[in-house]
Amino acid sequence: MTTRFLHWFQSYLADRQQVCCVNGVVSSTKTISCGVPQGSILGPVVFIYVNDMPKCLGYGTARLFADDTNLTFTSCSLPVLQNKMSNDLNEIAAWLNVNKLTLNLLKTDFMLIGSRQRIAALDGNIELSLSNTDVRQVESTKCLGVNIDKNLSREGHL
């Protein structure tokens, strides 16, 4: 039974190909050598190989769902917070590279979360970048279908 399952699972991942269509122009077919089929029912289950990614973090806490990862950092000092975030972002980039994965910087952003008073009291800004690309700061984001804003209000849900 185990051998049959292994062969079935290998066939799910082996000999896959893809094409890309941009502005009506279709690329040639390319063989995919790693990764899991995007949008598949088994994709999140198969994507378990990212489960050890949090081990590379020195400061943050990771929350993983398939290929969607959120990191949480805490500090009362913006320079300390920026240092923690920058260090862990570089560690994640190195981990992804070793594991033949990439970070989509167009979908990567950060948000400072706190009460209006605490955020207003912060002096300065956080500037994050990776591979000479700035990571943008946002005031709200959607996480697994839930709108979250920097003050954890319910305004995005009304």
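Two strands count as paired if DSSP finds at least two bridges between them. I start there because the sheet I want to show rests on that criterion. The model itself is a predicted one.

The sheet first. It is open, has three strands in the order S7-S9-S8, and its pairing is mixed. At the edges are strand S7, residues 109–110, and strand S8, residues 128–130, each of them pairing on one side only. S7 runs parallel to strand S9, residues 133–137, with two bridges between them. Looking at individual positions, aspartate 109 is opposite arginine 136 in S9, and phenylalanine 110 is opposite glutamine 137, also in S9.

On the other side, S8 and S9 are antiparallel, and three bridges join them. There, leucine 128 faces valine 135 in S9. S8 and S9 form a hairpin with two residues between the strands, and serine 131 in that hairpin has a positive phi near 55°. As background, most residues other than glycine have a negative phi.

Two further residues belong under that heading. Asparagine 23 is not a glycine, yet its phi is positive, about 50°. Asparagine 23 sits in the loop between strand S2, residues 21–22, and strand S3, residues 25–26. Its relative accessible area is 79%, so asparagine 23 is classed as exposed. Leucine 144 is the other one, with a positive phi near 50°. Leucine 144 is in the loop that runs between strand S10, residues 140–143, and strand S11, residues 146–149. Why does leucine 144 count as exposed? Because its relative accessibility is 56%, and the cut-off for exposed is over 50%.

Now the interior. The largest nonpolar core has 12 residues: Phe73, Leu78, Leu81, Met85, Leu89, Leu105, Phe110, Leu112, Ile126, Leu128, Leu130 and Val135. Helix H3, residues 78–98, and S8 each contribute at least two residues to this core. Which element gives the largest share? That is H3, with four residues. Phe110, Leu128 and Val135, which came up in the sheet, are among the core residues.

Next, a pocket. The second largest one has a volume of about 170 Å³. Its lining consists of Leu78, Leu112, Ile119, Leu122, Gly124, Asn125, Ile126, Gln137, Val138, Glu139 and Lys150. By class, that lining breaks down into six nonpolar, three polar and two charged residues. Among the lining residues are Leu78, Leu112 and Ile126, and these three also belong to the largest nonpolar core. Gln137 is one of the lining residues too; glutamine 137 is the residue in S9 that stands opposite phenylalanine 110.

One contact between distant parts of the chain is worth listing. Cysteine 56 and isoleucine 92 are 36 residues apart along the chain, and 6.7 Å separates their C-alpha atoms. Cysteine 56 is in the loop between helix H2, residues 43–46, and strand S5, residues 61–65. Is cysteine 56 buried or exposed? Its relative accessible area is 17%, so it is buried; the limit for that class is under 20%.

Last, the aromatics. How many aromatic pairs does the structure hold? One. The partners are phenylalanine 5 and tryptophan 8, in a tilted arrangement, with 5.8 Å centre to centre and 35° between the planes. Both residues lie in helix H1, residues 2–13, and they are three residues apart, about one turn of the helix. Tryptophan 8 counts as partly exposed because its relative accessibility is 44%.

How values were computed:
Residues numbered from 1 in each chain as written. Predicted model: local features only at pLDDT ≥ 70, side-chain atom pairs only at ≥ 80, totals over all residues. Heavy atoms only, no water. Phe/Tyr/Trp six-rings, centres within 6.5 Å; stacked < 30°, edge-to-face > 60°. Buried < 20%, exposed > 50% of the residue type's maximum accessible area, 1.4 Å probe, protein only. 1 Å grid on protein atoms, 1.4 Å probe; cavity = no way out; pocket = protein on both sides within 12 Å on 5 of 7 lines; lining within 4 Å. Points joined across faces, edges and corners; volume = space filled by probe spheres on them. Nonpolar A, V, L, I, M, F, W, Y, C, P; charged D, E, K, R; others polar. Core = buried A, V, L, I, M, F, W, Y, C linked by side-chain atoms within 4.5 Å.
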